[in-house]
Amino acid sequence: APSLGSPSLGSPDQVSFSRTSPAGGAQEEESTWAFDAGDGKHIDVRSHPDLGAPRTGAKVGPGERFRVSCELRGTDGVLYLQLADGRGWLFD
C-alpha cells in the first residue's frame with residue numbers, strides 16, 4: 001500500500017493510504033482508497049499535483065474512504081491522487 005504524507009502531519013511514515021478497489025491498470029480510471037494516519041490526524045488536500053501547492057481547506061480524515069479519478073506519478077517520483085469529488089489532490 002502506498003504511504004502518503006503531508007508536511008503538516010510531521011513524518012510521512014505516520015500516514016498510510018491503501019487502495020480498496022482495483023484501478024484496472026489505467027491511471028485515469030476511478031478507484032476507491034482509504035486513509036489511515038495511525039495517529040488520528042487528517043491530511044490536507046492540495047489545489048494541484050505539486051508538493052508546494054496551496055492547501056484548499058478540505059481535509060481527509062482518519063478512516064475516510066474516497067474515490068480517486070487520477071493517479072499521477074510526478075517527475076519527482078511522488079504519487080499524486082486526484083480526488084474524484086473535485087476537492088483537489090493528495091500526495092505521497
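Two strands are said to pair if DSSP finds at least two bridges between them. In this predicted model, strand 5 and strand 6 meet that condition, running antiparallel to each other over five bridges. Strand 5 also has strand 2 as a partner, again in the antiparallel sense, here over four bridges. Two cross-strand positions help to place these elements by eye. V68 in strand 5 faces S31, and V68 also stands opposite L83 in strand 6. The connection between strand 5 and strand 6 is a hairpin with five residues between the two strands. In its turn sits G77, with a positive phi of about 85 degrees.

Stepping back to the whole chain, the architecture is easily summarised: there are seven strands and zero helices. Read from the N terminus, the order of elements is β-β-β-β-β-β-β. The chain has 92 residues, of which 40% count as buried. Among contacts with a separation of 6 or more, 45% are between residues 24 or more positions apart. The exposed surface comes to about 4,700 Å², with carbon and sulfur atoms supplying 49% of that area.

The interior is a good place to look next. In soluble globular proteins, nonpolar side chains tend to be buried together. Here the largest nonpolar core has 13 residues, and the members that touch the most others are V60, F66, L81 and L90. At least two residues of this core come from each of strand 2 (31-36), strand 3 (43-46), strand 4 (55-60), strand 5 (65-73) and strand 6 (79-83). Strand 6 gives the largest share, three residues. Another core, of five residues, lies apart from this one and includes V78, Y80, W89 and F91.

Charged side chains add a further set of links, and a search of the whole structure finds five salt bridges. One of them joins R67 and E30, with an N to O distance of 3.2 Å. R67 belongs to strand 5, whereas E30 is in the loop between strand 1 (16-19) and strand 2, so this salt bridge ties together parts that are 37 residues apart in sequence. R67 is partly exposed, at 35% relative accessibility, and E30 is likewise partly exposed, with a relative accessible area of 39%.

A second salt bridge connects R87 with E64, their closest N and O atoms being 3.3 Å apart. This pair spans two loops: R87 is in the one between strand 6 and strand 7 (89-91), and E64 is in the one between strand 4 and strand 5, so parts that are 23 residues apart in sequence are tied together. R87 counts as partly exposed at 25% relative accessibility, and E64 counts as partly exposed at 25% as well.

The surroundings of D44 deserve a paragraph of their own. D44 is found in strand 3, and its side chain meets that of R55 in a salt bridge of 2.8 Å, N to O. This pair links distant parts of the chain, with D44 in strand 3 and R55 in strand 4, 11 residues apart. Is D44 buried or exposed? Residues under 20% relative accessible area count as buried; D44 has a value of 7%, so D44 is buried. R55, in contrast, counts as partly exposed at 42% relative accessibility. The side chains of D44 and R55 are also joined by a polar contact of 2.8 Å. A further polar contact, of 3.1 Å, runs from the side chain of D44 to the side chain of H42. Beyond the single pair, a network of salt bridges links D44, R55 and K59.

Taken together, strand 5 is a helpful starting point when viewing the model: strand 5 pairs with strand 2 and with strand 6, supplies at least two residues of the largest nonpolar core, and holds R67, the partner of E30 in a salt bridge.

Definitions and conventions:
Residues are numbered from 1 along each chain as its sequence is written. This is a predicted model: local features need pLDDT of at least 70, side-chain atom pairs count only at pLDDT 80 or more; totals for chains, interfaces and linings use all residues. Side-chain values use heavy atoms; hydrogens and water are left out. A nonpolar core is a set of buried Ala, Val, Leu, Ile, Met, Phe, Trp, Tyr and Cys residues joined through side-chain atoms within 4.5 Å. Buried means under 20% relative accessible area, exposed over 50%, partly exposed in between (1.4 Å probe, protein chains only). Contact means heavy atoms within 4.5 Å. Accessible areas come from the Shrake-Rupley method with a 1.4 Å probe; for residues, only the protein chains shown count as cover. A polar contact is a pair of N or O atoms within 3.5 Å; within protein, one must be able to donate a hydrogen and the other to accept it, and residues adjacent in sequence count only if both atoms are side-chain atoms. A salt bridge is a side-chain nitrogen of Lys or Arg within 4 Å of a carboxyl oxygen of Asp or Glu.
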